[in-house]
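The exercises below ask you to read a helix and a strand in their surroundings, with a worked solution after each task. Please keep the sequence and the structure open while you work through the steps.

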Amino acid sequence: MDSYRRVSRRGLILGGMQLGFAGLLGLRMRYMQVDQADQFRLLAEENRVNIRLIPPARGQIFDRNGAVIAENAPSYRITMVREDAGNVEEVIARLSALVELDEDELNRALAEMERSAPFLPITIADRVGWDDISRVAVNAPALPGVTPEVGLSRHYPMGDDFAHVAGYVGPVSERDLARYADPEPVLRIPRFQIGKVGVEAKYEEMLRGRAGAKRVEVNAVGRVMRELDRREGEAGADLQLTVDNGLQNYIKARLGTESASVVVMDVTDGDLLAISSSPSYDPNKFVRGISFDDYAVLRDNDRRPLASKTVQDAYPPGSTFKMVTVLAALDAGVISPEETVWCPGYMEVGGRRFHCWKGGGHGHMDLEKSLRESCDVYYYDLALKVGIEKITDTALRLGLGMSHDIPMSAVTEGLTPTKAWKERERGSSWVIGDTVNASIGQGFVLTSPLQLAVMTARLATGRAVTPRLIKSVEGRTSPSHSGENLGFNENHLRWIRKAMFAVSNNRRGTAYRTRIAEDAFRMAGKTGTSQVRNITAAERARGVTSNDDLPWNRRDHGLFVAFAPYDAPKIAVSVVVEHGGGSSAATPIARDVALQALYGRDPPLDAYPKKDRGRIKTQQERLARERRAPDGEESSRA
Amino acid sequence: MSYLEYTVKSVPTGLRKVLYLNWPLALLLTAVASIGFLMLYSVAGGSFTPWAEPQMKRFALGFVAMCLVALVPIWFWRNMATLAYLVSILLLVFVELFGTVGMGAQRWIDIGFMRLQPSELTKITLVMFLAAYYDWLPMRNTSRPLWVLLPLLIILLPTFLVLKQPDLGTAILLITAGGLMMFIAGVHWIYFGVVLALAGGAIAAVFQSRGTSWQLLQDYQFRRIDTFIDPSTDPLGAGYHITQAKIAMGSGGWTGRGFMQGTQSRLNFLPEKHTDFIFNTLAEEFGFIGGFSLLILYVLVLLFCIFSAMQNRDRFSSLLILGVGLTFFLFFAVNMSMVMGLAPVVGVPLPLVSYGGSAMLVLMVAFGMVQSAHIHRPR
C-alpha cells in the first residue's frame, strides 16, 4: 500500500497547487473586473465611440443692397462603395456609359478604393452637373454601390467683380494649419474650405461658424454601426459689405482691360461703395483648385490680375499730392492764398534745376491758379517755405502713410517720408531736393488708391473719415466711420476745394474737358501724373517726352482724385490708371464712375458736356451689352 | 497492486455499468460545454451558425464517446496505452510530412468529417502511457537514473515533434503535464530541483540565443513574449490583441454588459473571439459573476478528479485520473492566464468552451477513461 500512499500524497500536493493557482486566477479576475472595471469600461467606450465633425455652413457675403457675393452652392459628386458595388469594373463601365468620367480622376479613385476599407465611399467624379446626377439617380438599380451625393461648395455669382474684395476660399493647406497654435479639429476635415485672401480670409473665424459633432459607434475596422447622438453646429455669420454691386460691376466693365484701380467712398460715413482693381480673375477657379496653366496665365500677365491694386499697390501720387503741400503751408501760416509765385518753367534749388511740367512756365501763380493748372514751381516754393516735417504731418492727418483697417489682403501703408526714415532706410541724409520732389508727390512719396480716396474725402469734409468695408455682421450694423473733425481751418479747406472745383470746371483747369455738366453734381478734383522713369537729359534734348512714343510699361501712371457734388460732398473717387500715359487716362473714368455712383444708374446724357454726349451714348450702349445681365443677378437682391 | 488482484465480482458488468457512471461529472462537463454553446451563439451575433451548432453536435458525439469508453474496463485501456502513444507519435510524424498548414503551423490532418490535430491527441496518450509506465515499473526503481531517463525521453519525443510544427502552447502543455506525471508517480524531489535549475538556465539561454544563428525560438514566438511583457510596445500589432482582450474582460465589471451586449466582441475589437479569447466574451457579457462561475465549474471537475484518484487503489487508474485532471487544469489555467494578461499568448483553447473539434473529442474520450477507472475501481 506504500505506492498508493505515495500517489495520494503527491496527488494532494499537486491538487493543492492546482487549487491555489485557480484561486490566483479568481483574484486576477476580480482585480480586473471589479477594481479596474471603470478604467477598462472607459477604454471600451473610447474604442467603440467615434466623434465625427459636422462641418458648419459658411456665412454668406452680400453687397450693401443684399445681392449675393459669396454663397454656398450645392455641388454634386458621385461616390462608390466597393463592397456594395460587387463587380467594380462592370459598374464603372455602366456608369461611364451614362456620365463622362475623367480618366485620371477615375484611376486615382480606383487606386484609393484598393487601399481603403471596402465600406468607405470613394469619390469617383466631383463637381458633376445636375443632368448627370439625375441620370445616375434614375439608373440606380443598375449601379449598385454608386451614390450621387450633394455637398456645399463656395460659389461667387459675381465672378471676377469681387475677386480682390471678397477673395476666395480653398482647401486647408499645411501652411494654414501651421498658422494656428491649436487648429480647430474642423480644419482637418478633408476638403474643408477656408478663406485664403480678402474678406474671406480676414473674417475667416466669423464666416466659418462652429462645427457640430455626432457620436457614432464604430467597429474594430472603423465601420460606422449606428449614430448615437448629434449636436448641430452653428452656421457662420453673414456679412454685408458696403460695396454696391451695381457700381462695382459698372467699374469693372468701364475699366475693361486697363491695368487700373478705382475707389469710390462715401465721404459722410466712409463706406467704400466700390473698390475695384483691374484686370481681375475668377475666384471660382481657385475654389475648385486652379490648374497650373490657368494660374501661369494669371501670374505672367504683366497687368497683374492677381494684385489687389487698390490697397496693396503704392504709387507716387504726383500732382494729386499738391493739396497736401498747400494745406500744410496754409496750416503753418507761411502763405496766403492770394500770394503769387513767378513760374519761369523751372526752379534752381541747391544747384539743381527742378522743372515745371510746362517748359515755358506759367507766369504769376496764386493758390487757385497753381492747383487748377498744376504748376509745379509754385509747390517747390511752398516746400522750401514749409519744410518736409509739416508736409508729412499733414499727409498723415489726411490719411496717407498709414494702413487703413479694412479686411482686404496686404493693405499697404504707403510712404510719407521723413528725415529719420531716409537716414534709417537709405543711409543718407535728407537733402532739400527731396523736399522739393515730395511737394509734387514724386520722389519718396507713395500712396495707394485707397489712401487717395480717403485723402479726398477728408479734404471734402474736414473730418477724419476712415474707410469701412463691412456694413453689418449677422444683421448688426457696424458703426459709421464719419470721424472726428481734423482741426484744419475751415477757410483753408474751402480755398483748396474751390481750387479743386476750378480744376474740373474752369476753362483752364486740367480736367475741364471731363467736367460734369449737371449743376447739382459738379465735381471738384485734381489730376496727377506719376513718373515711372526719370526723363533723361538726352531725352529732354531730343524732345521724347510724349508717352505715346514709349512702350506701355514705361509710360506714366495717370491719376485723378475728386469729390462730388461740390456743394454738398457725397462721394470721393480716386482713379489710378497704370501706364495710362497721363492724367487724361484717369479723368474720364472718374467722371463716368462719379455720375454712375451719384445717379445710382446710367446717368442721363444731359449730365455730360454737349460735345461728349454722342461718344458717351455709344459707350453706355457698349457697356450695357458687356455688363452682366442685371436681371439674373439682381433678382436675388433682398 | 495490479488489475489481476481486483475483486472482480464487485465490479459492475454489462449495461449495469451505465448506472455506475459518475453522473455529477457528466453533468459538470455538460454545464461547461453549455456555457461554450451560449458564448458561441453570442459571438456569432445571435446565431447557431457557424459555430454553436457544429460545437453542439461534436459535444453530443463526444458525450457518446465518453460513455462508450467508460463502459470498457480500465485494464483494456491500460493495455492500449503503449499502442496509443505510438500511434500518436506516428501521426505527429505524418502531420509533419503531409499535414495541412493552417495559421502558420502544420497542425492537422484532414480526415473527411473533421480535421484531426495529432498534437491534441498526444496530450492524452502521453498521460496514458506515463501512467501505464509507472504502473508497470516496480516502485523501488522509480527514482533510479535510468528509469527516470526513459520517461523523460517519452515526454521529449512528442514535445520535440510538436515544437517543430511549431506549436509552442502544446509543447509547453506536454512537457508540464509529463513532468508533473513523474512528480505524482513519486520520482525523487532532487530531480525536480535539478530540472527547475536547468529550466531556469534554458530560459536564460533562449533569451541569449535571440538574434544569433542558433536562435532557439521562432521570431514570432519572441515577439509574443515581448508583447506579453509590455503590450504597449506594439499597440496596433500583436499587442493590440492582448490589450483589446483585457479591455473586454475588464469592462465587464461585476455583472457584465448583458448577453450579446459586449461591445468589444460584437464590434470585432476582440481577436479570435470564438477560440482562444472566448473567455473574454464571457467575462465581458456576464462579468465577474459569469467568469467566476465557469472557474468554479472547472475547479469542481478538478476536485472530482482528485477525490476520485485518492479513492482509487489501482495505481494506473489513480495516475490516469490525476493526469487527465492535470491536463484539463493546464488547459484552462494557461488559457485564462493568457487572456487575462498573466502569460504570453501561446494558443491554448479553453477546454470544452472554445470552438474546436479535436480538443473537445480528445477531452471527452479522456473523461471516458476517467469514468471507466471510476466504474472499474477495486472495491
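**Exercise 1.** What covers the buried residues of α6(B)?

*Solution.* Begin by locating the helix in this predicted model: helix α6 of chain B comprises residues 145-163 and has 19 residues. From its first C-alpha to its last it reaches 26 Å, which is close to the 27 Å expected at 1.5 Å a residue.

Next, list the residues that are buried, where the cut-off is under 20% relative accessible area; in α6(B) they are V148(B), P151(B), I154(B), I155(B), P158(B), T159(B), L161(B) and V162(B). Several positions in such a list can be read with the helical repeat in mind, because an α-helix has 3.6 residues a turn, so residues three or four places apart point the same way.

Finally, look for the neighbours: the cover over the buried residues of α6(B) includes α4 (74-98), α5 (118-136), α7 (168-185) and α8 (189-209), which belong to chain B.

**Exercise 2.** Why is strand β21 of chain A largely enclosed by the rest of the structure?

*Solution.* First, consider burial: seven of the seven residues of β21(A), residues 571-577, are buried, so the strand is largely enclosed. Both faces are covered, with I571(A), V573(A), V575(A) and V577(A) on one side and A572(A), S574(A) and V576(A) on the other.

Then examine the pairing: strand β11(A), residues 260-266, runs antiparallel to β21(A) over seven bridges, and D266(A) has I571(A) as its bridge partner. Strand β20(A), residues 557-564, is likewise joined to β21(A) by seven bridges in the antiparallel sense, with A572(A) as the bridge partner of F563(A).

Last, trace the connection, in which a hairpin of six residues leads from β20(A) to β21(A).

Terms used. Residues are numbered from 1 along each chain as its sequence is written. Chains are lettered from A and ligands numbered from 1 in the order in which they are written. This is a predicted model: local features need pLDDT of at least 70, side-chain atom pairs count only at pLDDT 80 or more; totals for chains, interfaces and linings use all residues. Side-chain values use heavy atoms; hydrogens and water are left out. Helices (H or I, at least four residues) and strands (E, at least two) are DSSP runs, numbered from the N terminus. The expected span of a helix is 1.5 Å times one less than its number of residues. Buried means under 20% relative accessible area, exposed over 50%, partly exposed in between (1.4 Å probe, protein chains only). Contact means heavy atoms within 4.5 Å. Two strands pair if DSSP finds at least two bridges between them.
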